[in-house]
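Here is a short report on one protein chain. Look at the sequence and the structure first, then read on.

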Amino acid sequence: MEGEVIGAGPYRATKLWNETIKLFRGGMPLRRHWASFRYYDSTFTGSEAVDFLHELLRSNYNFGPEVTRYQTLQLLRKFFKAHVIEDIKGRHGTEDFDDNGHLYRFPTMSPLKSLPTRPSWRDGSDLPRLIRWDDYEELPQKENVAPQKSAELTSDLWNKRHSVAIGDVHECKLIRRREVTSKQVDHIWKSMTITHLQRVLGLKTLDGILDPVHVNGAHIVHNVFSVNKTGVVVLEKKAEDMPYWVISAMKCLANWPDGSDAKQPLYPGFERDVLRTVADYYQRLTEPLLTFRLYEVFVNILSLLQEQDKATEALQVSCLLLPPPNRRRLQLLLRLMARVCHNPRLPPLNDTIATRTLMVQMFSHCVLGSPDDMDLDELLATKLVTFMMEHHNSIFQVNTKLRCQVEEHLSHLKRAQIKYAGSDTDFSASPAFCKQIKKVDCEEQKVIGTQIPLQQLLEGLIADEELPVKDKRKRLKQFQKSYPEVYQNRFPTEESKAAVIPEKTPRLKPHLMFFKLKKPLQPFQRSWSFRA
């Protein structure tokens, strides 16, 4: 039973939990079992449940073959506490579920998690607004909304703005934007990173997945630029870094046997003690490295793992959202795990479990975890950590597309722009914001903002007595070509045009003048010769 493929979307972890319960209840074989000299119908043993659910999870697209039997047992213990299953006496949660011959059964109704009520789709309005060129002041607050500028324009202003249409170009000047502050740079990185993540996930909104309020733009900028030669984040405060002895242990294990200090006593099992030292540090962290707030983000990325390039891009962007100390710990851990798994000179770190499986089991719950105890985080973490360990070099590179987009936008903000004299757009003033108006008001503003000023401009041209008649006709012809409707309304007929604009006087050809000859034409006679 492969079940339904749960794609990217809000509350994906909850949907996976409910889907797993449905598959387990619908496919688990039930039969009669004997216990204490009596039989119980529709029951199953603990070992039978582990066998069936383990095979179910391994063949399911949402989890994959990396699921171990121990992880399956841990999930059944969660099912037992959540009353998805109960023992034959009706008890649940008071005892631990065991992989043995104890009998269990399904209750009449297994509790499914209810999906939270989502607000109506806001068409991306939950994303932080991107700073524009004309935003001069600090980031605008929602409560401080500048009043909307009036749409009424004078004829003189329209004359200046549309001077090109009537053949006259006014003077202009260059204006430069005020210097972009560091807070605005942080805000731009935050806005464009979240937008890029939403586009990679293929979602219309990040509602139920990521709250932009919890994203810190300064963390993104730090993760992009404050790195060393190997691409690992460098922390400004040494107190936030890992202890020296943990870093030394990780270097020793990653470069084994060349990384061990000659002064340290080497004994059989020394490398296992070093690994246990590193594991103790990570397992004592109060929160997973990918944080509880970003849990849904990374659970959604799991739906993209079949498309390696898209999943890698999503992880590149998502890991920029991490606090710098978390990103540094995660990057060093994944690099250690990859080197340990590919080091043939390193002795086995466990007698029964392969090194690769051991590393994933030991550190997966330190990387991804849910704030809800009743979740599939162990299974999801195994799949995610396996992918991240195999592609850690690419994941911790800054996404090229995102970086180019941000740099181009910042370059645009710093670029000088042209402002024509008399233009009604004043970039030095506080930015104006749009507000919704009625349709009737919108139509009225269209008339006020276009027709009336153009009519006034036309009347001004007609009444201008200082303008030569030849130039007036030329400009009126250009006005007719640019605004034919306004011109037609003013001059519906040729008579109305002739009443205002004097007709052009036709140019008369000069009369043919006959010159009176003193003598009539006579035949040509040679009067003298050039010959000598």
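Which side chain of opposite charge is nearest to the buried Lys-383, and how many Å away is it? It is Glu-66, 6.3 Å away, and Lys-383 has no salt bridge. Buried means under 20% relative accessible area, exposed over 50%, with a 1.4 Å probe and protein chains only. A salt bridge needs a side-chain nitrogen of Lys or Arg within 4 Å of a carboxyl oxygen of Asp or Glu.

This is a predicted model: local features need pLDDT of at least 70, side-chain atom pairs need 80 or more, and totals for chains, interfaces and linings use all residues. Residues are numbered from 1 along each chain as its sequence is written, and side-chain values use heavy atoms, without hydrogens or water.

Lys-383 lies in helix 13 (residues 377–390). Helices are DSSP runs (H or I, at least four residues), numbered from the N terminus.

Three distances are listed here.

| From | To | Distance |
|---|---|---|
| Lys-383 side chain | Tyr-61 backbone oxygen | 2.8 Å |
| Pro-324 C-alpha | His-219 C-alpha | 6.2 Å |
| Asn-399 side-chain oxygen | Lys-401 backbone nitrogen | 3.2 Å |

Pro-324 lies in helix 11 (residues 324–341). Pro-324 is buried, with a relative accessible area of 8%. Pro-324 and His-219 are 105 residues apart along the chain.

Now take helix 15 (residues 400–414). Asn-399 caps its N-terminal end. The buried residues of helix 15 are Leu-402, Val-406, His-409, Leu-410 and Leu-413. Seen down the axis, they fall within an arc of 95° (taken from the directions from the axis to the C-beta atoms), so they line one face of helix 15. On the other side, Thr-400, Lys-401, Glu-408 and Lys-414 are exposed.

Notes
Helices (H or I, at least four residues) and strands (E, at least two) are DSSP runs, numbered from the N terminus. Lys and Arg count as positive and Asp and Glu as negative; His and the chain ends are not counted. A polar contact is a pair of N or O atoms within 3.5 Å; within protein, one must be able to donate a hydrogen and the other to accept it, and residues adjacent in sequence count only if both atoms are side-chain atoms. The expected span of a helix is 1.5 Å times one less than its number of residues.
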